[in-house]
Structure formats: C-alpha cells, structure tokens
Amino acid sequence: MSKILVIDDDKSIRESLELYLAEEGYEVRTASTGTEGLNRFVRDLPDVVILDIRLPDIDGFTVLEDLREEDEKVKVIMITAHHDMETTINAMKGGAFDYIHKPINVDELDIAIKKALGSVELEKKISGLLMEHPRDFKVGDIIGTGNKMKEVFKTIGIVSQNKTTVLIQGESGTGKELIAKCIHYNTSRDEPYIAVNCSAIVETLLESELFGHEKGSFTGAIARKQGKFELARYGTVFLDEISEMSINLQAKLLRVLQEMEFERVGGKDRVRVNARIIAATNKNLKKIVKEGTFRDDLFYRLNIVSINIPPLRERPEDLEPLVEYLLNKANRDLHKQIAGVSDEMMEVFRRYSWPGNIRELENLLVRAVVVAKGQVLGREDFPDLMDEKSDARTGGEPAGDAVEPGKIPTLDEIEEMHIRRVIKETDKNKGEMCEILGISRPTFERKLEKYGITFERE
Ligand SMILES: Nc1ncnc2c1ncn2[C@@H]1O[C@H](COP(=O)(O)OP(=O)(O)OP(=O)(O)O)[C@@H](O)[C@H]1O
Ligand SMILES: [Mg+2]
C-alpha cells in the first residue's frame, strides 16, 4: 500500500484529504506544522507528500528543501493558491513534483498522486535510484577531434572493460562529469551512478553520506542510512572536487580503497565496496600533494588510471564542432531554429581564452539563443563576451581600453594588456615578441599560459 503524508495546518483540509485518500486505498499520515511533517517524513518514509505552502512555523518552500535534503527523490505535491503563478513556478523550481491549486479538486489531486507514484515505481524499476538516461552518454556525444581528446576516448574505452579507479583532471567546465558518466554508462549501465561533491558538505556529514550510519550514531541519526558506496552497488561513485576532502576523511577513504570494505558510521558490520570509484578535480593534485594538503598515498591509489582533459583554449579544432553541437542542443531544448554563429563572432570565439571552458561556451550560446532576434548569432547576442576585458573583441582598438574606464588596473592586467598589444604589433613572431618584452622564451610561454593567451603564428 502506498503511503501519503499530508502536511497542512488547515484541519478541515487534513481531515477531508485523509478520508478521501484512505478510501482510495492509501495509507495516510497527517501533520499540521512543518516540523511535525519533517519528523513524520523521516519516521514513515512516505511515497508522496502533499504539502501546503503556508504553514504556521516553517514556510512550505523551506520544508520542501528540507525534505529534499532527506531524500532528493521525494515526490512532493504542493498546494498553492489559485491566483499565484509565481509561487507555483517557484515550487516547481524548488523541486516539487507537481502542484495543485486551492480549492482542491479531487480529480486533479488524483492525477498528481498517480503520476508521482508512477514515477516512484519507474525509478525503483530502473535501479532504485534516480539516473539519467544512458542514451545521453554515448562517446559520440562528446566532441573532441584532436589528438589529446582521442587519447581521452581511448582511455575511456580501456577503463570501460574493467572497474579500476580513475582520476579525471581538468579545469572547470572541461567535461569531467560528462566523461565520468560516459565511463559509467559504458561499463555498468544498469547500475546506479552516484555523484558526491566533496566540497559541498561539511566533513562529518560527508563521512555519513559516503559510508552511511547506524541508527543513533549521532544526534539526528534517527534511522540507519545507507551511504553512497553502498547505494552505488556495482555501479559508480563519482567523487567530485576530491581535492577539497579533509585530511581526516582522506585517511578513511584511503583505507576503504585499500580494503574495499568499510563500516557505517557508528557501526561494526563490514560492508563491501563493489562500485567503481571515479574521482575528479580541477586542481593539480600532484601540486597539492607537494603542498601537503593532499595525502600522497591516496593520490597514488586514485591515480591508477588518469584522464587529463585539456582546456578548450588548447583544443581550437574543437571550437567549431562544439558550437554546432551545443547550438543544436540549445535549439532542441528551447524550440528555436538558430542557423549558426556569424563568421565575425566565430573569430571572436577563436581569440577568446575560455577560462570557463565548454560550460562557459554552452552558457553563452544558450543565453544568446534565448535572446536572439535573427537567424544567425552575432556580436549583439553576446554582450558579456564583448565586454570582456580580454582580447575577445573584434576591431583593432588599442589594448589599453580593455580595462573598464575609471578602474585602476592591477599589475597583472597591465602585463596582460601589454603582452596582447605586443602580439598585435609583431605579426605574431614569438622571437620578436620576447625581444621587445625583454624576457626569455620560457618566461614568455609561462605568461601566455597564465593569461590564457593563444594565437596562431602567421
Ligand atoms: N566534449 C564535450 N562535448 C560536448 N559537450 C561537452 C563536452 N565537454 C563538456 N561538455 C558540456 O559542458 C558542460 C560542462 O561539463 P561538465 O559539467 O562535465 O564539466 P566539469 O569539468 O565537471 O565542470 P566543473 O569543474 O565546473 O564541475 C556540460 O553541459 C557538458 O555536457
Ligand atoms: Mg563537475
């Protein structure tokens, strides 16, 4: 029998819903405040929650947030006032499964509940855990034409045949998570893929997130909870931003990787790890090992196979195919039919250094597709990029105006501007540039890298 929890301070609504839903064959629990509702939720683990937005103690949005923290797959149907579209939109944005308007229409309610229960069933069928559709993660969907990306694809192919630990390194937005999913869906597509961001949660919580806990192991541990390593079963645990893990937890993770077994927090039973572990970082792990904030033995354990994704500025050959791919995706998602990017704008793209990599490119394109008036995206569709204090502008303005008027530039900014200016004035001959700048070739290369400056020799 499916369980439904009704959280509403209005006694008559509670009672009539309870009566109606019980008659429909559901097991019903009710609560009149947010706090009571949250407690009931943890205790009874209902399949669906019907939640009023206005509650006497905590507002419904916060309750929704807390419920989702307990169980991100929770199906919450919000009750909103009829006239208030904004609240409804916010409810959906906050992760509500559906909403119904007041006064409650039972047919509407019925449909919402059946939909929610249907999706619970479906999720259980798939794996017991929410996962994205594997169809989205064919290697062919990862754009990469140069040698470095071919190397990446080759490694994906190799590691997909076994379950070795993989370390993925790359600047932010280079596609680390995409590669991790790709490895997962090529290895064990019917098992769960579970991502944990090691920087997003405080240490003690992260430990119980990863390894689970026994009932009563700390205040708030109301019931036994399985950790991500257990939930992932024979699938994948993706440890994102691994560099941010505390030294203390690093030691624990190391032990788990050595023994492939662990105990839940506050427990004695040994639990086996069957999942593959993929760790990712946008920092240079070797460097932070040297600095002493990351354990070298853990680094070696994780770095059994490593994949280094090159930043976009080092893959100029991918820029055009990526623009095409991402534009298609945006067109599909937004029901638009933008034909492409103007030649002039493509040139700006080529000269830009893309510090946020593919994520930045994707965001810019999506925004441009949303606001575009014409069929082809031009400079007016990328105001952010045209404002950049980089060389991402067309025309030959003196480099000096690359800094906002009225703002006193930093030394680095002046250095960067000066280098860009020299590049322009020397017809891109590196020897000549070094001479003008009075620095050695290696120093020059280092500075180019520092500022993300790339150019092709003419
Ligand atoms: N080679 C690629 N081909 C197509 N899309 C890509 C590629 N690489 C990245 N993307 C897209 O770019 C976006 C960012 O990728 P992803 O989230 O995997 O990066 P990340 O390295 O994990 O970033 P962060 O360090 O910021 O977490 C995603 O929407 C992803 O689908
Ligand atoms: Mg990521």
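Which residues form a nonpolar patch on the surface? In this predicted model, the patch is made up of Leu 334, Val 366, Val 370 and Val 371, and together they have about 290 Å² of accessible area. Helix H15, spanning residues 357-371, chips in the largest share of the patch, with three residues. Val 371 lies in that helix, H15. You might wonder how to class this valine: its relative accessibility is 48%, so Val 371 counts as partly exposed, since the exposed label needs over 50%.

Now let's turn to ligand 1. There are 18 residues around it, and the ones that come nearest are Ile 143, Gly 173, Lys 176, Arg 359 and Glu 362. Some backbone atoms get involved here too. For Gly 173, a backbone N or O atom sits 2.9 Å from an oxygen atom of the ligand. Thr 174 has a backbone N or O atom 3.3 Å from a ligand 1 oxygen, and a polar backbone atom of Glu 177 is 3.2 Å from an oxygen atom of ligand 1. As for how much of the ligand is covered, ligand 1 has 630 Å² of accessible area on its own, and the protein covers 85% of that.

Where does the shell come from? The elements giving two or more residues to the shell around ligand 1 are helix H7 (176-187), helix H13 (316-334) and H15. So much for location; what about chemistry? The shell around ligand 1 splits into eight charged, six nonpolar and four polar residues. H15, then, turns up in both parts of this tour: it supplies three residues to the nonpolar patch and two or more to the ligand 1 shell.

Notes:
Residues are numbered from 1 along each chain as its sequence is written. Chains are lettered from A and ligands numbered from 1 in the order in which they are written. This is a predicted model: local features need pLDDT of at least 70, side-chain atom pairs count only at pLDDT 80 or more; totals for chains, interfaces and linings use all residues. Side-chain values use heavy atoms; hydrogens and water are left out. Patches are made of residues with over 30% relative accessible area and no salt bridge: like charges are joined within 9 Å, nonpolar side chains (Val, Leu, Ile, Met, Phe, Trp, Tyr) within 5 Å. Accessible areas come from the Shrake-Rupley method with a 1.4 Å probe; for residues, only the protein chains shown count as cover. A salt bridge is a side-chain nitrogen of Lys or Arg within 4 Å of a carboxyl oxygen of Asp or Glu. Helices (H or I, at least four residues) and strands (E, at least two) are DSSP runs, numbered from the N terminus. Buried means under 20% relative accessible area, exposed over 50%, partly exposed in between (1.4 Å probe, protein chains only). A residue is near a molecule or strand if one of its heavy atoms lies within 4 Å of it. A polar contact is a pair of N or O atoms within 3.5 Å; within protein, one must be able to donate a hydrogen and the other to accept it, and residues adjacent in sequence count only if both atoms are side-chain atoms. Ala, Val, Leu, Ile, Met, Phe, Trp, Tyr, Cys and Pro count as nonpolar, Asp, Glu, Lys and Arg as charged, and the others, Gly among them, as polar.
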